[in-house]
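Q: Please take a close look at one helix in this structure, and at what surrounds it. Keep it brisk, as I am new to this one.

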Amino acid sequence: MARTKTNEGGTKTAKTEARTLAIDVGGTGLKAAILDAAGQMATDRAHVETPDPCPPETLVAALVTLVKPLGTFDRVSVGFPGVVRSGSVVTAPHFGNEIWQGFPLAPTLSRRLGRPVRLLNDAEVQGLGVIAGRGLEVVLTLGTGVGSAVFHDGKLTPHLELAHHPIHKNKTYNEYLGNEARQSHGRKAWNRRVQRAIGIVHTLLNYDLLYIGGGNAAHISVELPDKVRITSNEAGITGGIRLWDDAVWTLTGTD
């Protein structure tokens with residue numbers, strides 16, 4: 001399951017007063033802002049390009065530099081583009097899986113920032129910022145690659161990594177819908193692919209609502225089914241407040 005609620009270091013703060021540093025790690029950009037107790041941005045969003053290449057030590061250093069001007073905070077939420085478990089990275093397809101496998105990102109950031117850190121897949125963080133909490137809700141993020149998340153009655157389900165699953169002629173979702181495909185095939189053809197993917201995901205999961213986010217959601221120009229919503233990319237930041245809601249970590253069908 002692609003999630004963790006690891007807490008490392010830091011000091012306790014009353015839940016109603018806590019300021020949360022929310023970090024959204026993307027394949028091409030790193031974003032961060034501080035959220036107030038209500039989950040609203042209390043600072044402007046900081047943004048820099050993701051280093052390339054991006055081994056673990058480089059990313060950690062870039063994040064520490066990125067958040068330094070934002071001011072004080074009590075805890076940290078991080079969305080990461082890959083599978084994460086127990087505070088560590090399992091896969092990091094945009095950064096090189098081998099060098100990232102097993103890297104303890106949450107504990108490392110906690111030591112560097114001096115605050116407790118909770119880590120989750122980035123599509124799941126975005127989903128927490130937009131879901132209604134009723135029925136089966138699915139999130140797809142369209143950016144450098146494709147992210148996915150599934151929620152049942154507001155609870156996280158075991159992580160579904162659609163990005164690396166074949167969707168058409170042995171092409172994965174990443175290859176079929178990612179930014180490289182959009183640029184190489186053009187907007188019209190890419191939009192047809194989005195429509196086809198929506199239908200496939202509905203057949204696969206029979207969702208009640210599908211949310212589409214990520215930077216490339218802005219390039220969708222086709223009419224969408226009633227059960228599909230385009231969401232703000234800011235949810236990748238504001239959803240970070242929900243990582244500190246312990247009820248979120250109760251998985252459907254598990255103890």
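A: What follows is a walk along one helix, then over its neighbours.

This is a predicted model, so local features need pLDDT of at least 70 and side-chain atom pairs count only at pLDDT 80 or more, while totals for chains, interfaces and linings use all residues. Residues are numbered from 1 along each chain as its sequence is written, and side-chain values use heavy atoms, with hydrogens and water left out.

Confidence comes first. The protein averages a pLDDT of 91, and 91% of the residues score at least 70. (pLDDT is the predictor's confidence in each residue, from 0 to 100.) Over residues 8–14 the pLDDT is below 50. That stretch still has 14 contacts in the model beyond near neighbours in sequence. (Contact means heavy atoms within 4.5 Å.)

Now the helix. α7 spans residues 187–205, 19 in number. (Helices are DSSP runs of H or I with at least four residues, strands are runs of E with at least two, and both are numbered from the N terminus.) From its first C-alpha to its last, α7 reaches 27 Å, close to the 27 Å expected at 1.5 Å a residue. (The expected span is 1.5 Å times one less than the number of residues.) N206 follows α7, with a positive phi near 50°.

Which residues of α7 are buried? They are A189, W190, N191, R193, V194, A197, I198 and V201. (Buried means under 20% relative accessible area, exposed over 50%, partly exposed in between, with a 1.4 Å probe and protein chains only.) Their cover includes the helices α5 (173–177) and α6 (179–185). Strands also take part in that cover, among them β8 (136–142), β11 (166–168), β13 (209–213) and β14 (228–230).

Some of those strands belong to a sheet. Five strands form an open sheet with mixed pairing, in the order β10-β9-β8-β13-β14. (Two strands pair if DSSP finds at least two bridges between them.) β10 (155–156) and β14 are the edge strands, each pairing on one side only. α7 packs on this sheet, touching β8, β9 (146–152), β13 and β14. The direction of α7 makes about 155° with that of β8. (Axes are lines fitted to C-alpha atoms, for helices over the stretch in contact, and angles run from 0 to 180 degrees between N-to-C directions.)

Look next at β8. β8 and β13 run parallel, paired over five bridges. V138 stands opposite L210 in β13. T141 also lies in β8. At 10% relative accessibility, T141 counts as buried. Leaving out residues up to four places away in sequence, T141 touches A123, Q126, V146, G147, G213 and G214.

Last, the cores. The largest nonpolar core has 32 residues, and L21, I23, V25, F80, W100 and L105 have the most contacts inside it. (A nonpolar core is a set of buried Ala, Val, Leu, Ile, Met, Phe, Trp, Tyr and Cys residues joined through side-chain atoms within 4.5 Å.) The elements that each supply at least two residues of this core include β1, β2 and α1 (56–67). α1 gives the most, with seven residues. A second, separate core has 22 residues. This one brings us back to the helix: it includes I198, along with V138, L162 and L177. I198 is one of the buried residues of α7.
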